[in-house]
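Please open the model in your viewer and keep the sequence beside it, so that each stop of this tour can be selected in turn.

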Amino acid sequence: MDSRDRRDRDLEGTWYTNGDHDKRAEIIPAGRGEYEARNERGQKSRLEITRNGDVRAVDWEGGLRGEVRRDRIEWENGTTWMREPGGRPASRR
């Protein structure tokens, strides 16, 4: 398995919007190396994974970009998805 495959698989699973246990989001495989993101409201988007491992939710906000940082995804709209509930989102500058 190359590092890109491992990175992609590391994105799969449950995430918590802004660390809120009641706001579950997820990333799931959508077939043939593609992924789908579902936000806390159940809205879906095809997910592209960039060469450097960041993501782009194609169907949200004209292609919402997210920066992947180990156990969190920091979306450019100010939302943060976290692997564990109860964490604190990173402060925006």
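Begin by selecting A30, which is partly exposed because its relative accessible area is 44% (buried means under 20%, exposed over 50% and partly exposed in between, with a 1.4 Å probe and protein chains only). A30 has its place in strand β2, where strands (E, at least two residues) and helices (H or I, at least four) are DSSP runs numbered from the N terminus. Apart from neighbours within four places in sequence, A30 is in contact with Y35 and E36, contact being heavy atoms within 4.5 Å. If you add L47, 17 residues apart from A30 along the chain, you will find the two C-alpha atoms separated by 9.3 Å.

Before going further, note that this is a predicted model, in which local features need pLDDT of at least 70 and side-chain atom pairs count only at pLDDT 80 or more, while totals for chains, interfaces and linings use all residues. Residues are numbered from 1 along each chain as its sequence is written, and side-chain values use heavy atoms, with hydrogens and water left out.

Next, select I27, L47, I73, W75 and W81, which touch the most other members of the largest nonpolar core, a set of 15 residues; such a core consists of buried Ala, Val, Leu, Ile, Met, Phe, Trp, Tyr and Cys residues joined through side-chain atoms within 4.5 Å. At least two residues of this core come from each of β2 (24-31), β3 (34-38), β4 (44-49), β5 (55-57) and β7 (72-75).

Now turn to the aromatic pairs, of which the structure holds 3; rings of Phe, Tyr and Trp (its six-membered ring) pair if their centres lie within 6.5 Å, and planes under 30 degrees apart count as stacked, over 60 as edge-to-face and the rest as tilted. Select W60 and W75, whose ring centres are 6.2 Å apart with the planes at 65°, so this pair is edge-to-face. Because W60 lies in the loop between β5 and β6 (64-69) and W75 in strand β7, the pair ties together parts that are 15 residues apart in sequence. Adding W81 shows another edge-to-face pair, W75 with W81, at 5.2 Å centre to centre and 70° between the planes. Ring pairs thus link W60, W75 and W81 into a cluster.

Finally, select T17 in strand β1 (residues 13-17), which counts as buried because its relative accessibility is 2%. Not counting residues up to four places away in sequence, T17 touches K23, A25, E40, T79, T80 and W81.
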